[in-house]
Amino acid sequence: MTNPEHIYAIDAYADGELDPMRAIEVEALMAQKPELRQRYDSILNLRASLREAAAQDRASDLLQPRIKRAVGGVTPIVRGWAALAASFVLGLVAAAALTWVIFVPRSPALAEMIVSAHMRSLLAAQPFDIASSDRHTVKPWLARKVPQSPDVVDLAQNGFPLLGGRVDVIGGDPVATIVYGHAQHLVSLMTFAKPVKLPTDRTVAGFHMRSWSGGGLTYVAVSDIPENELARFESDLRHTSR
């Protein structure tokens, strides 16, 4: 029998209500217990069905002509029936919207998903899919994995040596991530091919982030190094990329 606490954890995970560390624990739990993964998938399928139903819930173009024919073309009545039909359709749309609000809570904040991806890399056997300090090795590898790969620069002379690259999945989209080192710490530089809304700097669960745009990409650097050091990383990277 499934532990009720596990069920609550899966529901909270699907609702985006867990902190990054607890989310990682739940992901490991789903990997161990197929029935929990099945419950999570069922929640996602339900949301997809509700989204599709809401998109299709609109008035038919044939509704008003049929009402006119049914009442014999009497203008006042037609207007009354048309208004009634419109009210009925509006009620359906409102009900669908209410259902969406009740059953589809807000998704996790983008910043939290970015930090979670960085934390998962720290807990993995190695924080990258390809280990290399050669940018001519990392960039082609990323180019084969994502539609638009970023420029890869080595900042070893600035104290941020290139360590490798990986592909994260953020909000359902593959994201090219370049991994740098700094003393005993790691910096994940995630690159988004589409615009994302993030403050220029933010801290989540003790991890600092800085974001900026350039060359059609949005860059987000995340690390637990001091904020001023992460700001220097951004400055050095942007200056070297020119």
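## Salt bridges, cores and aromatic cluster of a predicted model

Glu 234 counts as buried because its relative accessibility is 9%, which is under the 20% limit for that class. This report describes a predicted model, and it begins with the charged pairs in which Glu 234 takes part.

### Salt bridges

Across the whole structure, a search finds eight salt bridges. Why can such pairs arise at all? Side chains of opposite charge can pair when their charged atoms come close.

Glu 234 is bridged to Arg 210, with 2.5 Å between the closest N and O atoms. This pair joins distant parts of the chain, since Arg 210 belongs to strand 6 (residues 207-214) and Glu 234 to helix 8, with their positions 24 residues apart in sequence. Arg 210 itself is partly exposed, at a relative accessible area of 22%.

Glu 234 also forms a salt bridge with Arg 238, for which the closest N and O atoms are 2.8 Å apart. Here both residues belong to helix 8 and stand four residues apart, about one turn of the helix. Arg 238 is partly exposed as well, with a relative accessible area of 38%. Taken together, Arg 210, Glu 234 and Arg 238 are linked in a network of salt bridges.

Another of the bridges joins the side chains of Asp 173 and Lys 194, at 2.6 Å from N to O. It too links distant parts of the chain: Asp 173 is in strand 3, while Lys 194 is in the loop between strand 4 and strand 5 (201-204), 21 residues away. Asp 173 counts as partly exposed because its relative accessibility is 28%, a value between the limits of 20% and 50%.

The bridges described here are listed below.

| Salt bridge | Distance, N to O |
|---|---|
| Arg 210 and Glu 234 | 2.5 Å |
| Asp 173 and Lys 194 | 2.6 Å |
| Arg 238 and Glu 234 | 2.8 Å |

### Nonpolar cores

Which members of the largest nonpolar core touch the most other members? Among its 23 residues, these are Tyr 180, Val 187, Leu 189, Phe 233 and Leu 237. At least two residues of this core come from each of helix 7 (135-143), strand 3 (173-182), strand 4 (185-192), strand 7 (217-223) and helix 8 (227-241). A second core, separate from this one, has 16 residues, including Ile 114, Met 119, Met 190 and Val 222.

Leu 189 illustrates the packing of the largest core. When neighbours within four places in sequence are left aside, the contacts of Leu 189 include Tyr 180, Phe 233 and Leu 237. Among its other contacts are Ala 176, Thr 177, Ile 178, Trp 212, Tyr 219, Val 220 and Ala 221.

### Aromatic cluster

The structure holds three aromatic pairs. One of them brings together Phe 160 and Phe 233 in an edge-to-face arrangement, with 5.1 Å from centre to centre and 65° between the planes. The two rings come from distant parts of the chain: Phe 160 is in the loop between helix 7 and strand 2 (162-170), and Phe 233 is in helix 8, 73 residues apart. Both Phe 160 and Phe 233 are buried.

The pair of Tyr 180 and Phe 233 is likewise edge-to-face because its planes stand at 65°, with ring centres 5.2 Å apart; the angle exceeds the required 60 degrees. Tyr 180 in strand 3 and Phe 233 in helix 8 are 53 residues apart, so that this pair also links distant parts of the chain. Tyr 180 is buried, as is Phe 233. Phe 160, Tyr 180 and Phe 233 form one aromatic cluster.

Arg 232 also lies in helix 8. Arg 232 is partly exposed, with a relative accessible area of 31%. Beyond residues up to four places away in sequence, Arg 232 touches Asn 158, Phe 160 and His 182. The C-alpha atoms of Arg 232 and Asn 158 are 9.2 Å apart, although the two residues are separated by 74 residues in sequence.

### Confidence

The protein chain has a mean pLDDT of 78, and 72% of its residues reach 70 or more. Among its elements, strand 4 has the highest mean pLDDT (95) and helix 5 (residues 75-103) the lowest (49). Residues 74-79 stay under 50, and the model gives this stretch four contacts beyond four places in sequence. The pLDDT is also below 50 over residues 96-107, a stretch with 15 contacts in the model beyond near neighbours in sequence.

Key: Residues numbered from 1 in each chain as written. Predicted model: local features only at pLDDT ≥ 70, side-chain atom pairs only at ≥ 80, totals over all residues. Heavy atoms only, no water. Core = buried A, V, L, I, M, F, W, Y, C linked by side-chain atoms within 4.5 Å. Buried < 20%, exposed > 50% of the residue type's maximum accessible area, 1.4 Å probe, protein only. Contact = heavy atoms within 4.5 Å. Salt bridge = Lys/Arg side-chain N within 4 Å of Asp/Glu carboxyl O. Phe/Tyr/Trp six-rings, centres within 6.5 Å; stacked < 30°, edge-to-face > 60°. pLDDT = per-residue confidence, 0-100.
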